[in-house]
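Here are some notes to read alongside the model, written as one colleague to another. Keep the viewer open as you go through them.

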Amino acid sequence: ELKVIADVGLVGFPNVGKSTFLSRVTNARPKIANYHFTTLNPNLGVVDLPDGRGFVIADIPGLIEGASEGAGLGHQFLRHLSRTSLLLHVIDVAPLDTEEDPIAAARAIVEELRKFDPALADKPRWVVLNKMDLVPEEERANVVDKYREAFGTDVPMFAISAVTREGTEALVKAIAEDIHEQRRQLIKESEPDVYNAITRDALL
């Protein structure tokens, strides 16, 4: 059974903008369209940064309620998240269906992760509020506050627009720092001699 290997996994309901985000910040060119399940297979993209702190992002096909039981090929999608170090939970803050509750939908995704594998739900997970360009300027602060109240202040949260690239640069930089630190800790724990040598050389 093959699983993708990536530093970051994008999760969320269909049509929340994961593929658009991937296309804006990486070299990937996924299929993008305004209908559910445009993405049927994981897409990988590489973020190249000048300082060499690049990382790989996996765009996982949109999940639906019942994914942990296999609905919508859920098992095939969810297994690809097991090797990621960080989950980006992408949420559409301006859904076309105005009767849809984005917060309830986001909580449903977390529950599907937990049902499939508790370890997935325990992975570091950042909330990405996408499509902020569709929210009036004067309402944006209230939208962010609403999600902070729902998910807690301890969950890292970023407000972006994948279409206009608003907020994406700050998000990418934050991810790079986090992934770099995770790699440092992994080397420190598994190869202390290598870690000490690297640290010593960096100080010279």
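The numbered points below go from the overall fold to the cores, then to single residues, and end with the empty spaces.

1. **Overall fold.** Please bear in mind throughout that this is a predicted model. The protein has seven helices and six strands, and from the N terminus these elements follow the order β-α-β-β-α-β-α-α-β-α-β-α-α. Of its 204 residues, 44% are buried. The accessible surface is about 10900 Å², and carbon and sulfur atoms account for 51% of that area.

2. **Contacts along the chain.** If you take the contacts between residues at least 6 apart in sequence, 66% of them join residues at least 24 apart. Two C-alpha pairs are handy examples of residues far apart in sequence, and you will find them under points 6 and 8 below.

3. **The largest nonpolar core.** This core has 22 residues, and the members that touch the most other members are Val8, Phe21, Phe55, Ile57, Leu88, Leu171 and Ile175. At least two residues each come from strand E1 (8–11), helix H1 (18–25), strand E3 (55–59), strand E4 (86–92), strand E5 (125–130) and helix H6 (168–190). The biggest contributor is H6, which gives five residues.

4. **Leu88 and the other core.** Which residues does Leu88 touch, once those up to four places away in sequence are set aside? They are Val8, Gly9, Leu10, Val11, Phe21, Trp126, Val128 and Ile175. Another core, of 14 residues, lies apart from the largest one, and its members include Val93, Val127, Leu129 and Val155.

5. **Helix H1 as a covered element.** I would look at H1 next, as seven of its eight residues are buried. Those seven are Lys18, Ser19, Thr20, Phe21, Leu22, Ser23 and Val25. The cover over them includes E1, strand E2 (43–47), E3, E4 and H6. One of the buried residues, Phe21, also appears among the best-connected members of the largest core, touching the most other members along with six others.

6. **Lys18.** Is this lysine of helix H1 buried or exposed? Lys18 sits in H1 and counts as buried because its relative accessibility is 5%, below the 20% cut-off. Its C-alpha atom is separated by 9.9 Å from that of Val128, although the two residues are 110 apart along the chain.

7. **Asn130.** This residue belongs to strand E5. With a relative accessibility of 2%, Asn130 counts as buried. A polar atom of its side chain lies 2.9 Å from the backbone nitrogen of Ala162, so that pair falls within the 3.5 Å limit for a polar contact. Beyond its neighbours within four places in sequence, Asn130 is in contact with Val16, Gly17, Val90, Ile91, Asp92, Val93, Ile160, Ser161 and Ala162.

8. **Ala121.** Helix H4 (residues 118–122) is where Ala121 is placed. Ala121 counts as buried, at 14% relative accessibility. Leaving out residues up to four places away in sequence, Ala121 touches Val110, Leu113 and Arg114. The C-alpha atoms of Ala121 and Leu87 are 9.4 Å apart in space, with their positions 34 residues apart in sequence.

9. **The cavity.** How many cavities of 30 Å³ or more does a search of the whole structure find? The search finds one. The largest cavity has a volume of about 80 Å³. Its lining is made of 13 residues, with Val16, Ile91, Asp92, Pro102 and Ala105 nearest the centre. E4 and helix H3 (102–116) are the elements that give two or more residues to this lining. When you inspect it, note that Val16, Ile91 and Asp92 are also among the contacts of Asn130.

10. **The second largest pocket.** Please also look at this pocket, which has a volume of about 250 Å³. It is lined by 15 residues, and nearest its centre are Val47, Leu49, Glu169, Val172 and Lys173. H1 and H6 are the elements that supply two or more lining residues. Of these, H6 provides the largest share of the lining, six residues. H6 is also the element that gives the most to the largest nonpolar core, so this helix is worth viewing from both sides.

How values were computed. Residues are numbered from 1 along each chain as its sequence is written. This is a predicted model: local features need pLDDT of at least 70, side-chain atom pairs count only at pLDDT 80 or more; totals for chains, interfaces and linings use all residues. Side-chain values use heavy atoms; hydrogens and water are left out. A nonpolar core is a set of buried Ala, Val, Leu, Ile, Met, Phe, Trp, Tyr and Cys residues joined through side-chain atoms within 4.5 Å. Buried means under 20% relative accessible area, exposed over 50%, partly exposed in between (1.4 Å probe, protein chains only). Helices (H or I, at least four residues) and strands (E, at least two) are DSSP runs, numbered from the N terminus. Contact means heavy atoms within 4.5 Å. Accessible areas come from the Shrake-Rupley method with a 1.4 Å probe; for residues, only the protein chains shown count as cover. A polar contact is a pair of N or O atoms within 3.5 Å; within protein, one must be able to donate a hydrogen and the other to accept it, and residues adjacent in sequence count only if both atoms are side-chain atoms. On a 1 Å grid over the protein atoms alone, a cavity is a set of points where a 1.4 Å probe fits but cannot get out, and a pocket is an open set with protein on both sides within 12 Å along at least five of seven lines; lining residues have an atom within 4 Å of a point. Grid points are joined across faces, edges and corners, and a volume is the space filled by probe spheres set on the points.
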